[in-house]
Amino acid sequence: MSTLRSRVRTPSAGRVAQRRAGRAICLALALGLAGAGPLPAGADEATRDAMRTILAAMARLVRLSADRQAFASPDNAAAITQALADVSDQAALLAEHTGPDDTGGEFLARSLDRYALWAKLGYERGQLDLARTLVQEAPDICVACHTRWPSAADAREKASLLSSAVSSPLPLQERARLLVASRQFAAALEALESLLASPAATPTDVEAIKLYLLVTMRVKQDYARAARTLDRFRDRAVITPELRGIAGRWIEDLRELADSPPEPGNLVSAEQWVERAGNSARYPRDGEALVAWIAASGLLHQHLTRNASASAAQVAEVNYLIGLTETRIAPDAWLPQAELYLEKAIRADPSSSSARAAYEMLEARVRAAYRGPDGDDLPDDVADHLERLKALIDTPAARGGKPRTSEV
Ligand code: HEC
């Protein structure tokens with residue numbers, strides 16, 4: 001998606017360095033978790049309790065971090081440390097309550113825990129800018145978890161990270177991000193629709209469109225609404241001809257989904273959407289297949305939650321395909337969810353061709369994530385980890401594996 005990506009605001013160098021560090025921490029976590037054993041089954045009320053505490057603590061942190069001076073003031077030190085400890089504790093509890101097959105959820109909960117701990121440590125050492133950046137990025141973890149699965153209703157709790165958090169009006173996209181992080185999906189969609197309709201906003205901000213599609217498609221399955229919004233967006237005079245063409249393709253796909261919605265979690269439909277999304281003759285321009293990839297990923301995530309008893313080969317395939325869709329939907333994501341699913345695919349059935357395809361993609365991504373200015377600099381433990389995964393697929397038993405059902 002280079003053409004679309006190049007239009008997105010570039011963060012400052014300091015932020016990039018911190019993101020790299022954050023990504024490395026999360027990556028190490030992702031690489032460790034996929035091999036973890038089964039966890040106790042999820043408990044809904046416990047999850048919601050944890051969420052309410054996390055919401056209250058995060059709201060305090062978002063408010064204080066919006067103002068550099070307030071964040072640095074000794075008067076707020078106790079409140080900030082306590083809130084970070086609360087987020088970390090509750091996220092750790094949440095990780096223990098994720099279901100046995102929810103590696104993705106466990107990873108995100110543990111990432112939130114580590115991130116809050118890292119921010120707390122930074123804060124206590126006086127690294128205030130680091131702590132502030134981490135706090136401001138944390139809602140991305142909430143968004144990633146909340147947009148994985150369908151949800152008919154918004155949070156029971158009407159509070160959000162916004163309500164008490166920020167006094168000055170926020171840009172609509174940031175507002176929407178905090179609303180999705182608080183599971184206020186209806187208000188988030190309204191904010192994003194105003195943004196996409198607003199003559200003042202940059203019409204090319206593909207991150208806003210992506211968030212909008214993740215919520216309308218994966219959470220609400222309201223393809224018709226997304227098609228209508230993008231139709232209006234496409235007709236705006238400021239849109240470049242190239243983006244107008246790409247948006248036209250998104251709208252066509254959304255209309256098709258609206259006319260014949262795939263059965264939730266249906267693996268055959270998921271595979272068809274993956275194959276279609278990967279067809280560059282059908283989608284010659286960068287970013288054109290975005291709707292197709294999101295359609296596939298939504299079906300695959302649903303499939304994972306419904307099919308605990310699937311065969312090892314099928315688990316490997318579904319995890320590989322989720323990893324693949326993640327790399328296409330969010331190629332620059334700082335949360336390494338793709339890597340997690342790819343490793344899970346390798347471990348689920350090392351003899352499968354999904355495992356081999358997953359390993360190739362994983363190795364390339366890990367090398368790219370750690371590549372320093374002087375070339376290849378994989379830390380020893382990461383290099384060892386890759387070696388171990390490679391050894392799994394290279395064992396004689398694994399080499400006799402059958403080809404995958406859907407080659408992409
Ligand atoms: C591991 C995945 C995960 C992460 C990470 C996560 N959440 Fe949640 N959240 C959930 C689930 C699951 C629910 C329950 C949804 C339901 O009610 O069906 C939920 C529910 C909520 C609710 C609604 C509670 C209610 O009373 O209905 C709020 C508010 C919330 N989360 C806020 C947050 C915030 C803020 C963050 C980040 C700081 C966050 N969540 C991170 C998975 C997650």
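**Exercise 1. How many residues surround the ligand, and which are the closest?**

Solution. The structure is a predicted model. Begin with the shell: 25 residues surround the ligand. The closest are Met-51, Cys-142, Cys-145, Ala-155 and Glu-157. Next, sort the shell by element. Helix 3 (44-65), helix 6 (103-124) and helix 8 (139-146) are the elements that give two or more residues to the shell. The largest share, seven residues, comes from helix 3. Finally, sort the shell by class: it has 15 nonpolar, five polar and five charged residues.

**Exercise 2. Describe the overall fold and state where the confidence is lowest and highest**.

Solution. First, secondary structure: the protein has 20 helices and zero strands. Second, burial: 45% of its 408 residues count as buried. Third, contacts: among those with a separation of 6 or more, 71% are between residues 24 or more positions apart.

Then turn to confidence. The average pLDDT is 86, and 84% of the residues score at least 70. Confidence is lowest in helix 1 (residues 2-5), with a mean of 36, and highest in helix 14 (residues 267-277), at 97. Two stretches keep a pLDDT under 50. For residues 1-13 the model has 15 contacts beyond four places in sequence; for residues 401-408 it has 16 such contacts.

**Exercise 3. Determine whether the length of helix 6 agrees with its number of residues, and whether the helix is enclosed or not**.

Solution. Helix 6 has 22 residues, which at 1.5 Å a residue should span 32 Å. Its end C-alpha atoms are 31 Å apart, so the two values agree. For the second part, count the buried residues: 17 of the 22 are buried, and helix 6 is therefore largely enclosed by the rest of the structure. After the helix comes Gly-126, with a positive phi near 85°.

**Exercise 4. Why do Ala-57 and Ala-59 count as buried?**

Solution. Both residues have to be placed in an element before their surroundings are examined. Ala-57 lies in helix 3, and Ala-59 lies in helix 3 as well. The cut-off for a buried residue is 20 or more other C-beta atoms within 10 Å. Ala-57 has 22 C-beta neighbours inside 10 Å and so counts as buried. Ala-59 counts as buried because it has 21 C-beta neighbours inside 10 Å.

Now look along the chain. Ala-57 and Leu-84 are 27 residues apart in sequence, with their C-alpha atoms separated by 7.2 Å. Leaving aside neighbours within four places in sequence, Ala-57 is in contact with Ala-83, Asp-86 and Val-87. Ala-59 and Ser-182 are 123 residues apart in sequence, while their C-alpha atoms are 9.6 Å apart.

**Exercise 5. Work out which helices the buried residues of helix 10 pack against, and place Leu-192 in the nonpolar core**.

Solution. Check the geometry of helix 10 (residues 185-197) first. Its 13 residues should span 18 Å at 1.5 Å a residue, and its end C-alpha atoms are 18 Å apart, which agrees. The buried residues are Phe-185, Ala-188, Leu-189, Ala-191, Leu-192, Glu-193, Leu-195 and Leu-196. They pack against helix 9 (172-181), helix 11 (206-219) and helix 12 (223-234).

Then take Leu-192 by itself. Not counting residues up to four places away in sequence, Leu-192 touches Ala-176, Ala-208, Leu-211 and Tyr-212. The largest nonpolar core has 117 residues, of which Met-58, Leu-192 and Ala-296 touch the most other members. In soluble globular proteins, nonpolar side chains tend to be buried together.

Key: Residues are numbered from 1 along each chain as its sequence is written. This is a predicted model: local features need pLDDT of at least 70, side-chain atom pairs count only at pLDDT 80 or more; totals for chains, interfaces and linings use all residues. A nonpolar core is a set of buried Ala, Val, Leu, Ile, Met, Phe, Trp, Tyr and Cys residues joined through C-beta atoms within 7 Å. A residue is buried if 20 or more other C-beta atoms lie within 10 Å of its own, exposed if 12 or fewer, and partly exposed in between; C-beta atoms are placed from the backbone. Two residues are in contact if their C-beta atoms, placed from the backbone, lie within 7 Å. Helices (H or I, at least four residues) and strands (E, at least two) are DSSP runs, numbered from the N terminus. A residue is near a molecule or strand if its C-beta atom, placed from the backbone, lies within 6 Å of it. Ala, Val, Leu, Ile, Met, Phe, Trp, Tyr, Cys and Pro count as nonpolar, Asp, Glu, Lys and Arg as charged, and the others, Gly among them, as polar. The expected span of a helix is 1.5 Å times one less than its number of residues. pLDDT is the predictor's confidence in each residue, from 0 to 100.
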